[in-house]
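Me: I have a structure open on my screen and would like to talk it through with you. Could you help me read it, one question at a time?

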Amino acid sequence: MANFAIDAVKATTYDAIVIGSGISGGWAAKELTEKGLRTLVLERGRDVKHVVDYPTTMLNTWEMEHRGQLPLGIRKENPIVGKCYAFHEGSAHFFVKDAEHPYVQEKPFDWIRGYQVGGKSLLWARQTQRWSDFDFQGPARDGFAVDWPIRYADIAPWYSHVEKFAGITGNKDGLATLPDGEFLPPHEWNCVEKYFSQQMAAKYKDRPVIMGRAAHITKPQPIHLQQGRAQCQHRTICERGCPFGGYFSSNASTLPWAAKTGKLTLRPHSVVHSIIYDEKKGKATGVRVIDATTKEMIEFYARIIFVNAAALNTNLVLLNSTSNRFPNGLGNDSGVLGKYAAFHNYRAGISGEYDGYLESTTEGRRPNSPYIPRFRNVHKQETDFLRGYAAGFSANRISRSNQEGFGADLKTNLANPTLGGWSVGSHMMGETIPKESNYVALDKTLKDPFGIPQLKVSIVYDDNDDKMVKDYQEQMMEMFTAAGFKNLRVRDDKRNPGLDIHEMGGARMGKDPKTSILNKWNQMHHVKNVFVTDGASMTSTSTQNPSLTYMALTARAVDYAVKEMKKMNL
Amino acid sequence: MERRKALKSLAVAVGGLVSMPAWANGWNSANLPSGASFLAPRADAVLAEVVETILPATDTPGAKALGVHTFIQKIVTDCMEPSAQDSLTKGLMAVEALAQKTYSKSFASLDAGQKAEVLKTISQSSDADEKGFFSLVKGMTIRGYMTSEYVMNNITHYEMVPGRYHGCVPVVAKNTTPKTQQNK
């Protein structure tokens, strides 16, 4: 009997546990297994195997039951996820439906989630910009949030490490605000985008318009072919899952790579309840999991634990990991856990038209678009708001047909559309300031279907965000006008926080254990064998897309953790 | 090597479709009537003639042969408010009634010119419901036609896998590119 118990513990003991299989969890799995650690990856959702579990990926429009449109019942049942641009008939199966995992909106927050192996890495918009020191120095400069414990130089080699493997398209632009990376060939500009870029270069010293950097394989290297991935085929239906592995996802890249080492155990349907803290040992010893199928509570053990449940769920897991030593959540002596959550402000946009280059058009499709790195408050504080914003930009021509009347003439007209003029557009991506008052916490009474406390979300815009929206609109109006674009319309869609799907913070990195949860290695100040390397760890949000930074921080943290294990420090 | 891998991937993907797991069809839930046709056979036949009158067979197939009337019923049933079903049913009754009143014949047995006259009258009706019906059916006929296999393959030449993006190509050259090249 005693032997049986020992065997049972052995069978559930690994070198490392990774909570979550999304973009950062996949990287943790790859790096840990490559370094020889027997690694258990816990995923709360179902398995999604590359290619075979992408049921809509090869469907033509006419082969989809509603030709892409979602049934009324689905839309009515999902007022939150239904707002997401990527939620449609071809992709709905990769999104969490509103009723599946309830949460409390103390303030309106559109929480978009993907509970399956691969998480939201199947669904992301694939923009991969490096953060610069202007991003890492933001809090130190203006005193909001705490200083990042790292600078660009600390993470630069790890950006290179993950970029080479993931496959990032981009152009070396030599910008201080947006460091260059290890790039595959860049995507092409169209005539009007190129023209706008040239106009801005002529008019402004500091507003370069560049081609976006994105996780698409434009020219496969041996490392990509070894992963079984091929060149991006420009289908631009990425959110259905890509049978070519043309864009980076955990499913196409890191997880199969980790599996090849023979060290990976992937356990879907495993909802993490909490992390087990052993007070005698003074460290975490494992993870409590509720099997989503049997509803049974199971424990798994490991020497180190990586928490990669996606920003807000990572907060939920840590807050729910209580013990005598940590009554307010794991590693939460400072009381900041769940606080200083922030996101990206995507509220504003501009659209217009251009009547030049009518002799030119585009051919094929491009899964990427030009990008305007932050140009506000870069070298000095020059506006009445803090930090800044980046912007997406693109131009395209749409064919339109005359749809008057009916009969044979209408049919002829539909078959002979005329090419419209150029449409131009941009949207903002603004940095929001992490504040104590923007937080997540456990609801005291409401539970989710697994008996785990529901997450209460209280995250709002502030005056700084409103000012930034106004400035973006004014600056883009000026820039579009300077380029000769016409019929300009600015918008502020007043979307709820969350719909940006860039929520960050709550378990932030920092130098001081009194004001942060993690040190400069993404290691918990007070529980040394627990690492948090997803969006929860972010001290501030920057004006760049965050996923590439999660990948780099994860690889860097694994490297550190394994070295510490070898030194017997963990 | 690359190509072979890609083809292999495609084969696996198509294989995956055959055994589409239950969750992928989760939205066809029992609380939604998802039958292709909620109209009585006669109304279904009237709708088929209506869509055919909007987009008739010429040297290429018309809306009826492309099953656009079935598509419309599917979308109206699954994707629209119940009032849309009502509007469609009543509108088709109005079409039939007008055919009987004007020509003493059912709509289906009118000649093409007569059918067009009936629809023209409905489209210009002072009755907001009849007008609304026509604009609903016409919009959905265009959508069903444009998203049909025949039209996407043979008329608009949609490319599922373009494999390229060229930013600046001359407009003229694009329009004169032979179909065989566009389809590759």
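Me: Happy to start with the open sheet in chain A: in what order do its three strands come?
Reply: Glad to help, and please keep in mind that this is a predicted model. The sheet is open and its pairing is mixed. Its edge strands, each pairing on one side only, are β3 (104-105) and β18 (439-447) of chain A. The order of the three strands is β3-β19-β18.

Me: Which residue of β19(A) stands opposite A:Ala441?
Reply: Let's look at how β18(A) meets β19 (residues 453-458) of chain A: the two run antiparallel and are joined by five bridges. Opposite A:Ala441, in β19(A), stands A:Lys456.

Me: Which helix lies across β18 and β19 of chain A?
Reply: Look for a helix that runs at about 60° to β18(A). The one lying across both strands covers residues 311-319 of chain A, and that is α10.

Me: How does the span of helix α6 of chain A compare with what is expected, and which of its residues are buried?
Reply: Helix α6 (residues 152-166) of chain A has 15 residues, and from first C-alpha to last it reaches 20 Å, close to the 21 Å expected at 1.5 Å a residue. The elements covering its buried residues include α2 (23-34), α9 (250-260) and α13 (547-566) of chain A. After the helix comes A:Gly167, with a positive phi near 85°. The buried residues are A:Ile155, A:Tyr159, A:Val162, A:Glu163, A:Phe165 and A:Ala166.

Me: Now for the two chains together: how many residues of chain A are in contact with chain B?
Reply: On the side of chain A that touches chain B, the elements giving two or more residues are α3 (72-77), β14 (360-364) and α11 (408-415) of chain A. By class, that side has 23 nonpolar, 19 polar and nine charged residues. They meet 51 residues of chain B, and the number from chain A is 51.

Me: Which residue of β1(B) is the bridge partner of A:Gly364?
Reply: Here a strand from each chain takes part: β14(A) and β1 (residues 165-170) of chain B pair in the antiparallel sense over four bridges. In β1(B), the partner of A:Gly364 is B:Tyr165.

Me: Last one: how are α2(B) and α5(B) oriented to each other?
Reply: Helix α2 (residues 41-54) and helix α5 (residues 112-123) of chain B have axes 10 Å apart and pack at an angle of about 95°. B:Glu49, B:Val50 and B:Thr53 of α2(B) make the contact with B:Lys115, B:Ala116 and B:Leu119 of α5(B). By class, these are three nonpolar, one polar and two charged residues. An angle from 65 to 115 degrees counts as roughly perpendicular, so α2(B) and α5(B) are roughly perpendicular.

Definitions and conventions
Residues numbered from 1 in each chain as written. Chains lettered and ligands numbered in written order. Predicted model: local features only at pLDDT ≥ 70, side-chain atom pairs only at ≥ 80, totals over all residues. Axes fitted to C-alpha atoms, helices over the stretch in contact; angles between N-to-C directions. Parallel < 35°, antiparallel > 145°, perpendicular 65-115°, else oblique. Contact = placed C-beta atoms within 7 Å. Nonpolar A, V, L, I, M, F, W, Y, C, P; charged D, E, K, R; others polar. Pairing = 2+ DSSP bridges. Expected span 1.5 Å × (residues − 1). Buried ≥ 20, exposed ≤ 12 C-beta atoms within 10 Å, placed from the backbone.
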